[in-house]
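Hi there,

Here is the structure I promised to pass on. My notes on how its parts fit together follow below.

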Protein chains: 2
Amino acid sequence: MKWIHGGITAPVGFKANGIFCGIKKSKKRDLALIASEKPCQAAGVFTTNKVQASCVVINKEHLKDGWAQAIIANSGNANCMTGESGFENSYTMAAAVARILKLRKKQVLVASTGVIGKPLPIKKIVNAVPELVKGLSRKGGEFAAAGILTTDRTIKQVSAEFLVGKRKVRVGAMAKGAGMIRPQMALAGLRPAKKMAGLRHATMLCFVTTDAVIAPSALRAALQKAADKSFNAITIDGDMSTNDMVLVLANGMAQNKRIVEKTKEFREFGHALETLFSQLAKQMIKDAEGATKFVEIAVKNAQSREDAKVVAMSVARSSLVKCALFGSDPNWGRVAAAAGTADAHVDPWKLQIYLGKELVLRNGGRVKKKAALLNRVFAQKNIRITVDLGVGKCSASAFTCDLSTNYVRINSAYRT
Amino acid sequence: MKWIHGGITAPVGFKANGIFCGIKKSKKRDLALIASEKPCQAAGVFTTNKVQASCVVINKEHLKDGWAQAIIANSGNANCMTGESGFENSYTMAAAVARILKLRKKQVLVASTGVIGKPLPIKKIVNAVPELVKGLSRKGGEFAAAGILTTDRTIKQVSAEFLVGKRKVRVGAMAKGAGMIRPQMALAGLRPAKKMAGLRHATMLCFVTTDAVIAPSALRAALQKAADKSFNAITIDGDMSTNDMVLVLANGMAQNKRIVEKTKEFREFGHALETLFSQLAKQMIKDAEGATKFVEIAVKNAQSREDAKVVAMSVARSSLVKCALFGSDPNWGRVAAAAGTADAHVDPWKLQIYLGKELVLRNGGRVKKKAALLNRVFAQKNIRITVDLGVGKCSASAFTCDLSTNYVRINSAYRT
C-alpha cells in the first residue's frame, strides 16, 4: 500500500465538489457532492443511536440493493428530530441530485451534520444543486471535504493505492468530526456488542471511494471491520451522535480481479481501509474541540477482546482522566478507578498501569517514580497509557484527547 | 417526620469529633470520629468499582456480624491502590480507636477519601487518635462533618425525628462529595443491576446514626433502597470512585418497638432515611466542583424502571448536555441524542422532551417555542428536563449539575 494524493477523487471515475449554499452563518462551504461515472457497489455503517437522523434511515433503505452512484451531504444542520418533513427534505436532497445526474433517486445517498431539531433549509439546498453538480471535477475532493465540516478546523482526507494482481487499485476517503464523537457504527440490521451499547458519541461522517472491483459481501465485511478498529475505537466526549455514518462507493473501474472474502486481496483491501480510517480517526482527535493532547489507552492481557475494549473506552471516557491529561497531572489513580468501573474482569492485584513507558502501579500499589519524570510524560502532546489487566491474552486500544476548558467553552456556546 | 438540629449527634448516645492531624496541606480538619455509647446494629453499602480502597474491603469484613460501634475517617488521602501496606494502615486506624475506646477492632469501621495511590501517613493519624477521642462530644457533629471534606466547600449534615409507637426515634447523617461522583453502591455481595454496571462515579461518603431499635435485615433493606433513590441516582462527572460508602449505626437507645420489615414503622424509617439521603445528595450536587446549576432529568413512561434509570443517567452524564446547561443554551437535540444512546427501549417518534414545563419535542420533531422563552428556562439555577418515552408506565429521575470551565480547572490541577 502506498499513500497517494487526491482524497476521494484519487480513485478513477470519481468527481466531487463543495460549495456554500446558505446554511452556515460563517458563509463557508456547507454542501458537498461526490459522484461516480459508473454505478457503484455501495455499503454503509451507521450510528446505533436509537434516535437517528432521517439521512441515516433513508440511506439504509437506499442501500438495500447494494448499489449507489452519488452522495450529497450538507453541514450546519443535522436534519434530525425534524419530524416527517425532515424525511421529505432528505428525499428531496437526493431527488435534486438524481434529476440532474439522471440517476434513480435511490442511487443517491444523503448525509447531514450540525444542529439537531432545526428544520433543514431545503430550498437553499435545492437551489444550489445545479451549481454543485456543474462544478463536479476530478480536483473537487478538497471542496467536498470542506463542505461537510462543522466545528472542525481542518479538512480530513487521505488516499492510497495498492496492487490487486497486476492492476492498481485506489481508495480515497474524507471525514469530518470534532465533537459529539464516540461512534459506534454497525451495518444496517446489526447492533454493536452488548457491552458497548451503553457508551456514547457525536457526529462523524466518512465517505470512501474506490475503483476496486469487489463483491458486495466482501465490501461490507471489510467496512465493518475497519470501522471497528478505527472510528468505533475513538471518543472525544463520549456523546454518540444521531448521524454518524461511513459510506463506501466502489465503482469497479480499476478492472482488477474481483475481490472476494478470505483471499490475500481481501486482506489487503481491508488493511488499506483500516489504515485510511485510522489515519482519519486520529486526525479527528487531533482536531477535537478544545483538545491539546492525543492519547492512546492501550489495554493488554484482558480476558477477552470485548473486555479490553470496554476497559479502554471506560478510561478514555473518564472526565477525570481527561482533565488530568489536560493539566499534565500524572494522576494514575483516576486511570485505575476508571478501569475498575468497566463491565469487565478487572483484578486490582493483577492490574498494572504504565504512563508512557513508566510502570506506576503493580501488586495493588504504586511503583515509586520521580514526580518530575511522570510530569514530563504527561506534559507530552502524544501520550500512551497502558493498562495491563494481567488476566488473559487479549488487547485493544481506544484513542481520545484531553478535556479542556476550551471544550466546555466551545460546547456551551455552540448555537449562540 | 420532623427536621431537627444536630446532624449525626442528634440521635441519643452518639458523640463525634473532627480535628486536623496533618494530612491536608490546607491545615483544615482531616480526621473524623463517630462513636456510640452502646454497640450498634450496623450496615453499609459500598462502591461496585472493581478497584476498591482497603477501607471498603475491611468494612465489608467488619460488618459480617452486623455489629459496630465507631467510625474513623480521614480526608486528603484515599488509601487506595496502596498495596498490602494500605490494608495494614486501615487496620491500624481501626485498632488505634478500638484500643482507647476499649472496643474490639472489628467494631470500628474505617473510611478514607482523597488522592488515590499515595501511601497514607498512618503515623500522623495514630498520633492524633488520642486527641480525637478525647474531644468526642454531643456537639462534635459539625467537626466530624468537616473532617471528611475534600473539594467540598460546605459541610453536609441533616437530622430528623419521627415516632415509632409512642417513642421518638432520631436519625442523623453527614456526607461529603463534590467530584468523582457517580455512586453505584450495593450491600456487600450484591451487584447493581446489570444495565447500570457500565456507568461511573467519584468518592462520596455518608455516615448515618440512629437510636432506633431495628432488625438487621430491615436496616439493610432500608439502606439499599434509600441509597438507590438518592445517592445512586446522582452524577456529577460520571466517574465512579473506589471509596464510595454509606455506613449506618443503629444503637437502639430510643427503646422503641423493634422495627421489622413490611410494617408501617419500617416504611416510615425507610422514608426518613430516603428523605435525609436525598437532601444530602442534592447538597452534593449544589456543592459540585464548578457547578452553577442543579438539574433533574425526569424520565416518564418508560417500559421498565431500569430503562427509566439508564435513560435518565445517560442524559445526566452527557458532556454535551451539561455544557449546554452551563452555557444556558436550550439545545434539546443533545438531550434526544443522549436518550437514544441508552441501552433502553427508546422510540424517537414517541419521545417527548420538556425543558422546564415547555414541550419542545413531539412526533419526532420540534414544537416551536420562542427562543427567549427557552433561554429563560435554561438560565435558571434549578432546571428540570423531562424525557417522556411514551412506551410504558415506569419513571425515574437522575440528578446532576452542569459541566463548567471551572470543573475542568479544578480537576486538571487537583494535585498540583
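**How the chains and domains meet**

A turn of 180 degrees with a shift of 0.0 Å along the axis lays chain B on chain A at an RMSD of 0.0 Å (a least-squares superposition on the C-alpha atoms of residues with pLDDT of at least 70 in both copies). That is the relation of a two-fold axis. In chain B, the C-alpha of Thr405(B) is nearest to the axis, at 2.3 Å.

Before you go further, this is a predicted model: local features need pLDDT of at least 70, side-chain atom pairs count only at pLDDT 80 or more, and totals for chains, interfaces and linings use all residues. Residues are numbered from 1 along each chain as its sequence is written, while chains are lettered from A and ligands numbered from 1 in the order in which they are written.

The contact between the chains takes 58 residues from chain A and 58 residues from chain B, where contact means C-beta atoms, placed from the backbone, within 7 Å. Because 100% of the interface residues of chain B are also interface residues in chain A, the copies meet through the same surface.

Within chain A, the domain assignment (automatic or from a database) gives domain 1 (2–286) and domain 2 (294–412). Their centres, taken over C-alpha atoms, are separated by 32 Å. Domain 1 of chain A and domain 2 of chain A each bring 15 residues to their contact.

Happy to talk it through whenever suits you.

Best wishes

How values were computed: Contact = placed C-beta atoms within 7 Å.
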